Amino acid sequence: MYRPTLKSIWSLAALALISIVLYYISQNSYSEIRAEGYEQKIEAGKHMKACMEVLREEFDARGYIIDTTNDPNQTGLIGLSGSSITTSRGILSDKLTGLNPNFAAVFVDMFLSARVRPGDYIAVGQTSANPGLNLALYSAMHTLELNPVVITSVGSSMFGANREDFTWLDMENILRERGLINFSSVAASIGGGSDIGRGLPLDGRNLIIENIEHHEIILIHNNDLQGNIRERMEIYDDLIPNRQRYRLFVNIGGGLANVGASVNASLIRDGINYRIADRTFATDGAIMLFARRNIPIIHIFRPQVVAERYGLVVDPIPLPEVGTGKVFISEVNNTTVAAICLGILLLCLIVVIIFDRYDRHFTTNIIDPDQELI
């Protein structure tokens with residue numbers, strides 16, 4: 001008995017199999033395109049790498065010894081497990097993750113998403129707990145030619161910039177002297193408990209105050225946290241020119257003057273935030289006060305989370321080359337491959353239909369010998 005080709009089990013099964021294979025091929029074929037701001041991201045990554053090399057030279061010149069267990073990439077930017085200016089416990093993986101020079105591209109990406117332009121003013125509040133993140137931020141701001149007003153908490157958690165004679169203020173001063181940045185902190189506080197160094201030994205608090213005074217910047221040193229927060233906001237307001245406004249507030253770390261209370265640091269999403277003003281916090285810091293002025297907030301407290309979001313390696317060993325990670329390259333489905341697969345499938349359908357018609361024509365012309373005899 002004759003069965004039309006198009007309706008045959010084998011023809012339909014073959015077409016189904018071909019369709020599945022072509023779908024799989026087209027669905028898994030990608031082409032890479034450069035992400036927005038690719039050139040600026042590369043430049044920022046290279047700049048951060050250059051900053052790290054300069055600080056490593058200074059580290060060696062001062063006769064420090066690298067702990068290769070805690071600093072496997074031998075950057076010299078992983079601090080001590082304890083010192084008189086160490087404010088709290090720190091997560092070593094966070095520090096190592098922040099030292100990836102491609103983190104500078106993450107800040108570039110966030111700045112571009114926030115539509116900042118060269119010459120825009122950015123308010124920055126940072127701790128000294130993660131020198132890598134600070135360098136990444138500085139490199140991005142340098143590359144995009146922004147005007148930052150930076151206030152730093154000098155005390156640091158474990159493995160941060162917690163050497164008494166090699167603080168973050170010392171590091172940024174070296175970079176400025178070498179011409180790698182044209183800005184630095186305009187004011188600084190002790191940091192730690194209540195942002196006034198509560199919990200630090202007296203000699204540690206005094207060393208930080210001497211360090212701030214040595215760099216001839218404003219010392220923020222009131223009797224309590226609220227006093228320090230008020231003074232910070234006054235400094236931010238005093239140092240922005242008339243008719244200008246801050247386009248962003250960037251917070252790095254869990255400095256209490258910025259987050260208000262320790263718990264708040266975890267309650268705020270890492271990355272760009274536009275709706276913090278809609279939320280209620282038990283204690284307000286600079287983040288909340290800027291948010292109520294309708295100023296977007298960039299908050300980086302969990303660098304490993306941010307790294308994974310932007311396709312960077314967490315705790316990388318060795319440090320990746322500049323330009324690696326999906327922050328630089330986006331993958332999209334390859335439309336050329338998809339079009340070729342569609343064409344092949346249509347061609348298969350046409351071939352089956354043609355053979356089906358041929359078989360129908362052939363069978364209609366067959367003369368049944370039994371009918372002839374009748």
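Select R232 and D195 in this predicted model: both residues are buried. Their side chains meet in a salt bridge, with an N to O distance of 3.5 Å. The pair links distant parts of the chain. R232 belongs to helix α8 (residues 225-238), whereas D195 sits in the loop between β4 (185-189) and α7 (202-214), and the two positions lie 37 residues apart in the sense that they are that far apart along the chain.

**Other salt bridges**

The count for the structure comes to 12 salt bridges. Side chains of opposite charge can pair when their charged atoms come close. Two further examples may be displayed next.

Select E58 and R62, which form a salt bridge whose closest N and O atoms are 2.8 Å apart. E58 is partly exposed, with a relative accessible area of 24%. R62 is likewise partly exposed, at 34% relative accessibility.

Then select E39 and R34, another salt-bridged pair, with 3.1 Å between the closest N and O atoms. E39 is exposed, its relative accessible area being 54%. R34 also counts as exposed, at 54% relative accessibility.

**From R34 to F281**

Keep R34 displayed and add F281. The C-alpha atoms of these two residues are separated by 40 Å, and the residues are 247 places apart along the chain. F281 is located in the loop between β7 (271-273) and α11 (286-291). Is F281 buried or exposed? F281 counts as buried because its relative accessibility is 10%, below the 20% cut-off. To see what surrounds F281, display N264, L267, I268, I276 and M288; these are its contacts once neighbours within four places in sequence are left aside.

**The loop after α8**

Return to helix α8 and move on to R245, which is placed in the loop between α8 and β6 (246-252). R245 is partly exposed, with 45% relative accessibility. Leaving aside neighbours within four places in sequence, the residues in contact with R245 are Y121, I240, R293, N294 and I295. For a distance across the model, select V314 together with R245: their C-alpha atoms are 35 Å apart in space, and the two residues are 69 residues apart in sequence.

**S128 and its surroundings**

Next, select S128, in the loop between β2 (121-126) and α5 (131-143). S128 is buried, at 1% relative accessibility. Which residues does S128 touch, not counting those up to four places away in sequence? The list is N134, T152, S153, V154, G155, S156, G160, A161 and W168. Two of these contacts, N134 and W168, recur at the next stop.

**The packing of α5 against α6**

Display α5 together with helix α6 (residues 168-177). The two helices pack at an angle of about 35°, and their axes are 11 Å apart. The crossing of α5 past α6 is right-handed. On the α5 side, the contact is made by P131, N134, L135 and Y138. On the α6 side, the contributing residues are W168, M171, E172 and L175. By class, the residues of this contact divide into six nonpolar, one polar and one charged. An α-helix has 3.6 residues a turn, so residues three or four places apart point the same way.

**Helix α4**

Select helix α4 (residues 103-113). This helix is mostly covered, with 10 of its 11 residues buried. Colouring the buried positions will mark F103, A104, A105, V106, F107, V108, D109, M110, F111 and L112. After α4 comes R115, whose phi is positive, near 60°.

**The cysteines**

Finally, display the cysteine sulfur atoms. How many disulfides does a search of the whole structure find? The search finds zero. A disulfide is a covalent bond between the sulfur atoms of two cysteines. Select C341 to follow the reasoning: the closest cysteine sulfur, in C348, is 11 Å from the sulfur of C341, which is too far for a bond, given a cut-off of 2.5 Å. The view from C348 agrees, since C348 is in no disulfide and its nearest cysteine sulfur is that of C341, 11 Å away. C341 itself counts as buried, with 8% relative accessibility.

Note on methods
Residues are numbered from 1 along each chain as its sequence is written. This is a predicted model: local features need pLDDT of at least 70, side-chain atom pairs count only at pLDDT 80 or more; totals for chains, interfaces and linings use all residues. Side-chain values use heavy atoms; hydrogens and water are left out. Buried means under 20% relative accessible area, exposed over 50%, partly exposed in between (1.4 Å probe, protein chains only). Helices (H or I, at least four residues) and strands (E, at least two) are DSSP runs, numbered from the N terminus. Contact means heavy atoms within 4.5 Å. A salt bridge is a side-chain nitrogen of Lys or Arg within 4 Å of a carboxyl oxygen of Asp or Glu. Axes are lines fitted to C-alpha atoms, for helices over the stretch in contact, and angles run from 0 to 180 degrees between N-to-C directions. A crossing is left-handed if the near helix is turned anticlockwise from the far one by less than a right angle, and right-handed if clockwise. Ala, Val, Leu, Ile, Met, Phe, Trp, Tyr, Cys and Pro count as nonpolar, Asp, Glu, Lys and Arg as charged, and the others, Gly among them, as polar.
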